[in-house]
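User: Please take a close look at the ligand site in this model. I would like to know what lines it, and how the backbone around it is arranged.

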Amino acid sequence: MDNQHILQESRRLLYLVAALPRCDVCVIGSGPAGGVLSKELAERGAQVALVEAGRLMTPQDCHFHTWPYELPYRGTRLRGAPEAAYPPEVSEAIRYEQCDKIFVDRIRAVGGRSIHWNANCFRFSERDFRQWTVEGVEEDWPLTYQELVPEYSHVEKMIGVTGSREGLDVLPDGEYLPPLKLRCSEEIMRLG
Ligand SMILES: Cc1cc2nc3c(=O)[nH]c(=O)nc-3n(C[C@H](O)[C@H](O)[C@H](O)COP(=O)(O)OP(=O)(O)OC[C@H]3O[C@@H](n4cnc5c(N)ncnc54)[C@H](O)[C@@H]3O)c2cc1C
């Protein structure tokens, strides 16, 4: 490629880049962290590009309420098993060096792990932010629980968390909608 050619190609690329839509922030990953961050920034007027490596999931991808008899071969053979929503290399890509092997469930999907979480919305407690000081493990956070209280409240009200106020130090109460009715098994647990 001669110099003239390189110059032409560079100009062409510059025009292409100039024509691309501009954004103020690029958020990688549409899980609870990236999703909420993108929403908050966009609502405050920022142009946000949210990049997600996974695909859009449908209710057909989820088999939580499928009975074994509804699956071919009762789901006991590979042919009968539902197709995995994401490839095994996603969770197997973690490298462990001089540490215990811990299980990390990763997903590649729009919505991240909110696609298959249990919908428990707990706050960290004061002591969770000071694990090094209190227990001598991990590290203290650079933030305190009190500093994060307004953010917890904001998200709880935004997504509509329900629950009862129990007054427990280890599980601080949040800004809850009235609690849902307990299921039979939960009622038995409550009665002790
Ligand atoms: C079975 C299960 C049950 C759970 N239940 C609860 C619960 O009840 N309560 C609770 O508080 N927590 C629960 N959790 C934990 C909770 O789901 C996670 O803490 C939370 O989803 C983390 O959010 P995140 O946005 O940081 O990451 P993720 O939810 O993991 O989102 C990360 C996103 O980034 C994308 N991504 C990664 N790399 C790239 C890349 N290079 N380019 C583009 N995109 C990329 C991924 O595809 C994914 O969508 C549960 C987790 C699991 C697995």
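**The ligand shell and its surroundings**

Analyst: Helix H2 (residues 32–43) is the element that gives the most to the shell around the ligand, contributing three residues. The model is predicted. In total, 22 residues surround the ligand, and the closest are Gly29, Gly31, Gly112, Arg113 and Asn118. Sorted by class, the shell holds 10 polar, eight nonpolar and four charged residues; glycine is counted among the polar ones.

H2 also belongs to a supersecondary unit. Together with strands S1 and S2, H2 makes a right-handed β-α-β unit. The two strands, S1 (residues 25–28) and S2 (residues 48–51), run parallel and are joined by four bridges. Within this pair, Val25 stands opposite Val48 of S2.

Ahead of this unit in the numbering is helix H1 (residues 3–19). Its 17 residues should span 24 Å at 1.5 Å a residue, and the end C-alpha atoms are indeed 24 Å apart, so expectation and model agree. H1 is hardly covered: of its 17 residues, the number that are buried is zero. A residue would need 20 or more other C-beta atoms within 10 Å of its own to count as buried.

Further along the chain, two residues other than glycine have a positive phi. The phi of Ala119 is near 65°, and this residue is found in the loop between helix H3 (89–92) and helix H4 (131–135). Ala119 has 8 other C-beta atoms within 10 Å, so it is exposed. The phi of Glu138 is near 50°, again a positive value in a residue other than glycine. Glu138 sits in the loop between H4 and helix H5 (145–159). With 10 C-beta neighbours inside 10 Å, Glu138 counts as exposed too. The cut-off behind both assignments is 12 or fewer such neighbours.

Helix H6 (residues 184–191) is likewise hardly covered, since the count of buried residues among its eight residues is zero. Just after H6 comes Gly192, with a positive phi of about 85°.

To return to the site itself: the shell consists of 22 residues, with Gly29, Gly31, Gly112, Arg113 and Asn118 the closest to the ligand, and H2 gives the most to it. H2 is in turn part of the right-handed unit with S1 and S2.

Note on methods:
Residues are numbered from 1 along each chain as its sequence is written. This is a predicted model: local features need pLDDT of at least 70, side-chain atom pairs count only at pLDDT 80 or more; totals for chains, interfaces and linings use all residues. A residue is near a molecule or strand if its C-beta atom, placed from the backbone, lies within 6 Å of it. The expected span of a helix is 1.5 Å times one less than its number of residues. Two strands pair if DSSP finds at least two bridges between them. A crossover is right-handed if, with the strands pointing away from the viewer, the path from the first strand over the helix to the second runs clockwise.
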